[in-house]
Amino acid sequence: MRLRLVAPQGKTVSGTRRSSKTYSKRSLHGLVAHDLGVRIISGELPAETLLPSEADLSIALDVSRTALREAIKVLAAKGLLESKPKVGTRVRARGEWNMLDPDVLAWHFEAAPVEDLVESLFEMRQIIEPSGAAMAAQRRSKAELAAIQEAFEAMEQAPSGSDAVVATDLRFHQAILTASGNQFMGSLGSLIETALAVSFRLSSSARPDAHVTSLPGHKAVLRAIEKRDPETARSAMRRLLKNAKADVLAALKLPKKREPAAFYN
């Protein structure tokens, strides 16, 4: 069944069913939330687009109204949709989205990785992580240093191109934020986990040996923290992030094949 979505300005969006990959595996309403989320973030459903009525949309998507309501609640909680009585459900402006939500971040990179998003991601990382490394150098405990060391050693052992590369790299950076001794900074590691994981994956896609060439940079951060040298730790983390950003931007310049836009059959 074809679906036609009409925006207040007269814009329209149509399509047929397409599959989902991650969040959607959890439930039927998750599948709907995932697909609508990706369409919103990709721009296929622009800001101020008004969705069809609940009855019409549930028929078009071939899902129950209960599942649809739950999906809309999920997207509303993430700032992507807004429902009002007698008005309906509309797509909210990008500035109102919760950009640190793991699903929103994942959907951004799935919909269309763009240079501006990567620039913003690394700008945020450059604000947070060098300071986190400096604080870890001053405050880390023996156990926290051991956790950073173990993560680095696991990175050394991770086979190129494997999921272990991403997992161990992420573990290294999160261990440093935890060792900063600041409870808010430690929490930020969890908040940006999806963004970090995606950036690591993009780096690996550009250069399968990226994690090998990045090991000296990671080791420099580790050694500075070990020696309780905050300024060296700060500068080493800055260099590490600068090189990681270059790898990610290189990945974004690679040709990408995307399936044609589709909605539900």
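Of the 265 residues in the chain, 47% are buried in this predicted model. The chain is built from eleven helices and four strands. Its exposed surface comes to about 13200 Å², and carbon and sulfur atoms account for 54% of that area. When contacts between residues at least 6 apart in sequence are considered, 71% of them join residues at least 24 apart.

Helix α1 covers residues 28-42. At 1.5 Å a residue, its 15 residues should span 21 Å, and the C-alpha atoms at its ends are 21 Å apart, so the expected and modelled lengths agree. Eleven of these 15 residues are buried, and α1 is therefore largely enclosed by the rest of the structure. The buried set begins with G30 and continues with V32, A33, H34, D35, L36, G37, V38, R39, I40 and I41. After α1 comes G43, which has a positive phi, near 95 degrees.

One residue of α1, L36, can be related to a part of the chain that lies well along the sequence. W107 is located in helix α4, which comprises residues 102-111. W107 and L36 are separated by 71 residues in sequence, while their C-alpha atoms are 9.9 Å apart in space. L36 belongs to the buried residues of α1. W107 has a relative accessible area of 0% and is therefore buried as well, the cut-off being under 20%.

Side chains of opposite charge can pair when their charged atoms come close. In the chain, 13 salt bridges are counted. One of them involves α1: the side chains of R39 and E44 meet with an N to O distance of 2.3 Å. R39 has a relative accessible area of 1% and is buried. E44 has a relative accessibility of 17%, and because this value is under the 20% cut-off, E44 also counts as buried.

A second pair is found within helix α5, where E129 and R125 form a salt bridge. The closest N and O atoms of this pair are 2.4 Å apart. E129 and R125 are four residues apart in the helix, which means that about one helical turn separates them. Both partners are buried: E129 has a relative accessibility of 1%, and R125 has a relative accessible area of 1%. Elsewhere, E48, E82 and R90 are joined into one network by salt bridges that share partners.

Helix α5 also takes part in a salt bridge between E119 and K245, with the closest N and O atoms 2.7 Å apart. This pair connects distant parts of the chain, as E119 is in helix α5 (residues 115-139) and K245 is in helix α11 (residues 230-252). The two residues are 126 positions apart in sequence. E119 is partly exposed, with a relative accessible area of 29%. K245, with a relative accessible area of 25%, is partly exposed too.

Terms used: Residues numbered from 1 in each chain as written. Predicted model: local features only at pLDDT ≥ 70, side-chain atom pairs only at ≥ 80, totals over all residues. Heavy atoms only, no water. Expected span 1.5 Å × (residues − 1). Buried < 20%, exposed > 50% of the residue type's maximum accessible area, 1.4 Å probe, protein only. Salt bridge = Lys/Arg side-chain N within 4 Å of Asp/Glu carboxyl O. Contact = heavy atoms within 4.5 Å. Areas by Shrake-Rupley, 256 points an atom, 1.4 Å probe, with all protein chains shown as cover.
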